[in-house]
Amino acid sequence: MTAMDYREHWHASSRYTVFDSCHGGGADVRVLTDVWRTDPQRPPHLHLIAVCDHLQPGFHRFPQAEPGLTVDLVNAPIETALAQLVARVDLFRLVGLEHAGTGFARPLARVAAANARLLGHGLTAEQVAALQAQGFVFEPGTQRARFASRKPRPPLPPVPERRAVVLGAGIAGCAAAERLCARGWQVTLVERHARPAMEASGNRAGIFMPLLSKDDNVPTRLTRAAFLFALRHWERLGGIGRAIDGAACGVLQLARDAGHAAVSREIAASGAVPADFAEWLEAPQAEALLGLPAPDGGWLFRQGGWARPGSVCDALVAACGGRLEQRFGVGDVAIERVDGQWQVRDAAGNLVAHAPNLILANGAGAMRIPQAAALPLTAMRGQVSHVPAEMLPALPVVLCREAYLTPPSGGVCSAGATYDADPDPALSAASHAENLERLRGLLSDPQAAAGAPLQGRVGFRCIAPDRLPLVGRLPDFDAAGTTERLRDVPRHPGLYALLGYASRGLIWAGLGAELLAAQIEGEPLPLEANLVDALDPARFVLRARRSPRGPQGVEGAEL
């Protein structure tokens, strides 16, 4: 297909999506983006999705400098990649599939837009026949085709009115505002406090690191995707240690015991994890790095580190520019749907903000919103202890196991955090003692930080029973009836959730906001379909019906 063919096909589109079966070195992607940039009649949005085998497994979204251009790379067999893709594809470029069989034809047709084009090279006769059976009509003597299936296609989502209110200016809400503003939305960010990051996002230091598990389970896959997205996105915001307070100093996760170390060695020996992402260190290597005992070794996450969540919020808000309106210090609010608009009112009944779309990103505060009250969320207290740096050995990395300890910032190291159901927001001597006890276990020093003063901070995490976040349209529990499928669960119009970030909001917030913005806009989604479903707030409608014991946890265990 020539450059002129691209232009003829995409001129009537507001968004043009291309799926390429082989990214290779990216040359074809660069050619296509150059054609798009130089075409005065180009579609406002070009979305490129390419199969790429030199990344970690799963979907990878790469933020681009120019508005309107999105690049996703997918490391998966083509049949899996297409089966997990949530998109409407306008052009398929199929090369290098001689040994791929014919199973990809059905999922390819599922994501094909009406009148989609296909450009093949080296397709087998069996593959061409399989594609024809799915509705592709090939030009005689070529491997060029047009999708002409008469099967009913799911309706396109309506174009949203690009105005939204985001409730909560912690890291979840600030990320939502930034991702929507980047798409040209007008956003009002509403916060009960006078400034951002005053509650769960207000700690001095948050840890950013991925997860590992032997079965590569849902939390592992989600956190890997979110961690890598966060690193790329933060760099575009100005970078850790520059626009964002913190350090990409690495994280050393010590093995809990010999059994944990044995499982870790199996993962390392499998070769599935690149060393620059996670490197297993035996005890002598870990101790040489740390300068302290590490009896069972540990995982070194070289790209990990710590960041002050409030500074991430500041960078996100700054990136919104003039499209963001801030309504801070409004106290407690109530919401109501009136004439197709969500109204947010303060305790005195005054109108604070209104828009057709409302995003609940206010953590535990969402439990007081009637439309979200049926969600099985819990507020869990977390106390962090601030220990004077001179009372501790100098750490070259963040150290963690059941707890964590950061290198000093402003003369203070952060140690913690507790996890309990106590509603008391005051500092607790018992929680401080618990943090110090775990700190001593990390350092293998029973006298470490002896006499450390009671200093620190208490925050309340918003947690779901399966420890996964809630990203998507809010379900209407009262109207759910006997619904058995996620797609059939009734939803509150224009009401969305970014909740349940637990202790991983620093990592999950960016990709969660990107996923939600893509869902609202009807864009290709940045995650596999089964991960999207695992995060859908409506999962709790189905689980409550299927199990009298209530929602169940996620299978698999993390390291």
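This briefing walks through a helix, two cavities and a loop residue in the structure above. Keep in mind that the model is predicted. Helix H9 covers residues 283–290 and has a buried side, and the structure also holds four cavities of 30 Å³ or more. We finish with Ala347, an exposed residue.

**Helix H9 and its two sides**

- Let's begin with a general idea: an α-helix has 3.6 residues a turn, so residues three or four places apart point the same way.
- Which residues of helix H9 are buried? They are Ala283, Ala286 and Leu290.
- Looking down the axis of H9, you would find these buried residues within an arc of 70°, so they line one face of the helix.
- Turned away from that buried side is a face carrying Pro284 and Ala288, which are exposed.
- The buried residues of H9 have a cover that includes four strands: E13 (251–254), E14 (279–281), E15 (298–301) and E23 (398–400).
- After H9 comes Gly291, and its phi is positive, near 75°.

**The largest cavity**

- Here is a general way to look for gaps: rolling a probe the size of a water molecule over the atoms shows where empty space is left.
- The volume of the largest cavity is about 60 Å³.
- Its lining is made up of Ile171, Ala175, Ala230, His233, Trp234, Val312, Leu316, Leu506, Ala509 and Gly510.
- Four helices give two or more residues to this lining: H6 (171–181), H7 (218–237), H10 (309–320) and H12 (505–521).
- How many residues in the lining of the largest cavity are nonpolar, polar or charged? Eight are nonpolar, two are polar and none is charged.

**The second largest cavity**

- The second largest cavity has a volume of about 50 Å³.
- Around this cavity you will find Pro57, Gly58, Phe59, His60, Arg221, Arg224, Ala225, Glu528 and Leu531.
- Strand E3 (58–62) and helix H7 each supply at least two residues of this lining.
- The lining of the second largest cavity has four nonpolar residues, two polar ones and three charged ones.

**Ala347, out in a loop**

- Where is Ala347 found? Look in the loop between strand E19 (341–346) and strand E20 (351–355).
- Is Ala347 buried or exposed? Ala347 counts as exposed because its relative accessibility is 76%, and the cut-off for exposed is over 50%.
- Ala347 and Pro274 are 73 residues apart in sequence, and from C-alpha to C-alpha they are 52 Å apart in space.

Notes. Residues numbered from 1 in each chain as written. Predicted model: local features only at pLDDT ≥ 70, side-chain atom pairs only at ≥ 80, totals over all residues. Heavy atoms only, no water. Buried < 20%, exposed > 50% of the residue type's maximum accessible area, 1.4 Å probe, protein only. Arc of directions from axis to C-beta. Contact = heavy atoms within 4.5 Å. 1 Å grid on protein atoms, 1.4 Å probe; cavity = no way out; pocket = protein on both sides within 12 Å on 5 of 7 lines; lining within 4 Å. Points joined across faces, edges and corners; volume = space filled by probe spheres on them. Nonpolar A, V, L, I, M, F, W, Y, C, P; charged D, E, K, R; others polar.
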